[in-house]
Amino acid sequence: MAKVTSEMAARDDSDRTRAVAPLVVAADARVIDTTGLSIDEVVERVLAMANRPPES
Amino acid sequence: MNNRLIIAIDGPSGVGKGTVARAVAAALGYRHVDTGAMYRGVAWRALQDGIGFEDEGALSALATRIAIDASGRVVRVDGVDISGAIRNPDIDRGAARVARIAGVRAALVAQQRHLGEGGGVVMEGRDIGTVVFPDADVKVYLDASAEERARRRVHDQTHN
């Protein structure tokens with residue numbers, strides 16, 4: 001588990017700091033913190049957004 | 001309801017992007033595209049062909065040349081099913097390396113835009129809402145605590 005956590009942290013760091021297309025949150029993206037949510041709950045939220053996309 | 005939306009799902013590893021994106025696509029009757037698997041496909045083929053991950057020119061040419069299909073239940077490179085072959089630590093590292101190369105990204109982003117033309121697609125990755133489809137109809141960024149992501153990763157090794 002500790003190994004997975006450290007490998008994932010390394011990949012996150014690589015993604016966020018690379019010169020080309022770093023992992024960043026789009027200014028107009030909806031952030032969903034899935035900690036403690038079931039897959040179904042996350043899917044429901046995305047589907048709700050798809051049924052009524054925010055005005056851009 | 002507009003049936004031709006482009007839905008972008010971004011986020012780090014272990015947040016359940018793949019599971020969520022597949023379920024959303026199935027519910028809407030949309031196509032699902034796993035862009036992380038495309039970078040894995042380039043890394044896999046590079047290992048097969050003996051191309052070093054430092055050879056940016058050869059890797060960019062490779063990404064332009066090969067046909068990667070990551071829009072179905074299996075991932076194919078030039079017709080070969082590599083679904084099982086791209087979920088291991090060697091490919092994890094290789095995909096991170098090739099994803100840093102501008103020429104590789106340009107080639108794959110062009111393919112991804114082509115796949116999303118006309119909408120009706122749920123595309124998951126790390127730069128969909130920012131680079132591939134900055135005008136996507138729906139943009140979601142999934143996140144979770146580091147502990148939760150590591151736990152999910154351990155429980156389901158197919159997660160990207």
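Q: Before we get to Ala8(B), when are two residues in contact here?
A: Two residues are in contact if their C-beta atoms, placed from the backbone, lie within 7 Å, and please keep in mind that this is a predicted model.

Q: Okay, so what does Ala8(B) touch?
A: Leaving out residues up to four places away in sequence, Ala8(B) touches Met123(B), Ile128(B), Gly129(B), Phe133(B), Ala136(B), Val138(B), Lys139(B) and Val140(B).

Q: And which residues have the most contacts inside the largest nonpolar core?
A: Those are Ala8(B), Val24(B), Val42(B) and Val98(B), in a core that has 57 residues.

Q: Which helix gives the most to this core?
A: Helix α2 of chain B, residues 35-49, gives the most, contributing seven residues.

Q: Switching to the sheet, what is the strand order?
A: The sheet is open and its five strands, paired in parallel, run in the order β1(A)-β7(B)-β1(B)-β6(B)-β2(B); the edges are β1 (30-33) of chain A and β2 (31-34) of chain B, each of which pairs on one side only.

Q: How many bridges join β1 and β7 of chain B?
A: Strand β1 (residues 6-10) and strand β7 (residues 138-143) of chain B pair in the parallel sense over four bridges, and within β7(B) the bridge partner of Ile7(B) is Val138(B).

Q: Which strands does helix α1 of chain B touch?
A: Helix α1 (residues 17-28) packs on the sheet and touches β1, β2, β6 (121-125) and β7 of chain B, with its direction making about 175° with that of β6(B).

Q: What about helix α5 of chain B?
A: Helix α5 (residues 102-116) also packs on the sheet, touching β1, β2 and β6 of chain B, and its direction makes about 155° with that of β6(B).

Key. Residues are numbered from 1 along each chain as its sequence is written. Chains are lettered from A and ligands numbered from 1 in the order in which they are written. This is a predicted model: local features need pLDDT of at least 70, side-chain atom pairs count only at pLDDT 80 or more; totals for chains, interfaces and linings use all residues. A nonpolar core is a set of buried Ala, Val, Leu, Ile, Met, Phe, Trp, Tyr and Cys residues joined through C-beta atoms within 7 Å. A residue is buried if 20 or more other C-beta atoms lie within 10 Å of its own, exposed if 12 or fewer, and partly exposed in between; C-beta atoms are placed from the backbone. Helices (H or I, at least four residues) and strands (E, at least two) are DSSP runs, numbered from the N terminus. Two strands pair if DSSP finds at least two bridges between them. Axes are lines fitted to C-alpha atoms, for helices over the stretch in contact, and angles run from 0 to 180 degrees between N-to-C directions.
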